[in-house]
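Q: Please take a close look at a single residue in a loop and describe its surroundings. Then set it beside a second position, the internal space and the chain as a whole.

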Amino acid sequence: MDAGSVNSSPSSSSSTSRYLKSQSRFPLQEQFLQRKKPRENLDRFIPNRSAMDFDYAHYMLTEGRKGKEIPPASSPSREAYRKHLAETFNMNRTRILAFKDKPPASVELFPPHFFSSAPQDKSAKPRRHIPQTSERTLDAPDIVDDYYLNLLDWGSSNVLAIALGNTVYLWDGSNGSTSELVTIDDEDGPVTSVNWAPDGQHIAIGLNNSEVQLWDSTANRQLRTLRGGHRLRVGSLAWNNHILTTGGMDGLIINNDIRVRSHIVETYRGHEQEVCGLKWSPSGRQLASGGNDNRLFIWDRSMASSNAATQWLHRLEEHTSAVKALAWCPFQSNLLASGGGGDDRSIKFWNTHTGACLNSVDTGSQVCALLWNKNERELLSSHGFSQNQLTLWKYPSMVKMAELTGHTSRVLFMAQSPDGCTVATAAADETLKFWNVFGAPQVARPAPKANPEPFSHVTRIR
């Protein structure tokens, strides 16, 4: 019998058992259905010894009948005394054998308010609708199809920067306008990385000729060029306040203080091949770097300037392919997610304090980029062959919540809007798509007015 079918009139214990099993998807009803009918399992009249009073039964079978056969002469007072004595010792019973126990006292299985029609808890959030298609698609001609580059970034001023060949374009998220920031000469290009400063006004541009340019997007002018640090192209950039960290094909990671003329303040050596992923933790104390040597490093600024034998805090070698996708968790400071290339295809989670790998999930395809949801415990990953999809994961269970398709080639780059809700993706199919994958922005509640302390307006009491 199918698990979802129901027996309308069970007539035996076996049919009742099947009936109960068929109702297992409704646990509350199942508890009520387990209560037996009054006549169930009582088809044999066998006395219940535990419910019988053998002393009283013996008395009724021997001495109790004598008084009825030869009634003694008694006065009204003696008869009243006999009745009172019988009531006191419970001798008015007529049955000797007991075939069932006394009915148990009723037990209230559920409190009365359990079945009340009160509204459900308002704190339970309804399941969010995730659109399966992009809400906007823009052309991105001449985008470089290179897994090791970082050509897309969304700044805090709601301006998206994308590098297409030798040119950096700006797309304003507030009005949808597009402008050209800079076009690099052929001998210096193409552009290999872009990254917005925290202020959303200044942007760093890494070049194929190993230089890094700093631009003011508001004034549309170049501020300076950082030279002398790298020997090969600069494919990854990361800001930490006034420190711009650059990663090159030469395997070096350099911290540049853009406020001073001699901008190189620290150099990290550990990677043996190109550095393709760089991300500072939200606290600015730890730096994660991934490379084409399949290694993931965790650097600590306090160790970089010390006399320690090694500069890195952790060298993690569990990935079996290039590590480009890196994302620090917004709700747990020491949690880092990393994604491996085509021969690895996994997303790994790390405790950066201890260096322990907390979990590893095989995604089935190349992991190109990772983004955390700022409002929910969710992680978004972009992939290459064969589906070229975006996958939304629930953390920490890593259950797939949605798979979004639309790109026809590997989704190399992802960037998140300042409100954390919209995600922009750029792929080798030369398209730029916008996805409303993280839901609508949360409306900030007004902060309650603080009660002023007594005499707060008085600066001095004499």
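A: Two residues are in contact when they have heavy atoms within 4.5 Å. The model is predicted, so local features need pLDDT of at least 70 and side-chain atom pairs pLDDT 80 or more, while totals for chains, interfaces and linings use all residues. Numbering runs from 1 along each chain as its sequence is written, and side-chain values use heavy atoms, with hydrogens and water left out.

The residue chosen is Asn166, found in the loop between β3 (159–164) and β4 (167–172); strands are DSSP runs of E of at least two residues and helices runs of H or I of at least four, numbered from the N terminus. Asn166 counts as buried because its relative accessibility is 17%, where buried means under 20%, exposed over 50% and partly exposed in between, with a 1.4 Å probe and protein chains only. Setting aside neighbours within four places in sequence, Asn166 touches Val182, Thr183, Ile184, Asp185, Asp186, Gly189, Pro190 and Val191. With Asp186, the side chain of Asn166 makes a polar contact of 2.7 Å (N or O atoms within 3.5 Å, one able to donate a hydrogen and the other to accept it; residues adjacent in sequence count only through side-chain atoms on both sides).

The second position is Gly340, in strand β19 (residues 335–340). Gly340 is buried because its relative accessibility is 0%. Beyond four places in sequence, its contacts are Tyr147, His319, Ala322, Arg345, Ser346, Gln366 and Val367. Ser321 lies 19 residues from Gly340 in sequence, with 5.6 Å between their C-alpha atoms.

As for internal space, there is one cavity of 30 Å³ or more. On a 1 Å grid over the protein atoms alone, a cavity is a set of points where a 1.4 Å probe fits but cannot get out, and lining residues have an atom within 4 Å of a point. Points are joined across faces, edges and corners, and the volume is the space filled by probe spheres set on them. The largest cavity has a volume of about 60 Å³, and its lining includes Ser210, Arg227, His230, Thr246 and His263.

Across the chain there are six helices and 28 strands. Of the 462 residues, 43% are buried. Among contacts with a separation of 6 or more, 46% join residues 24 or more positions apart.

Methods. On a 1 Å grid over the protein atoms alone, a cavity is a set of points where a 1.4 Å probe fits but cannot get out, and a pocket is an open set with protein on both sides within 12 Å along at least five of seven lines; lining residues have an atom within 4 Å of a point.
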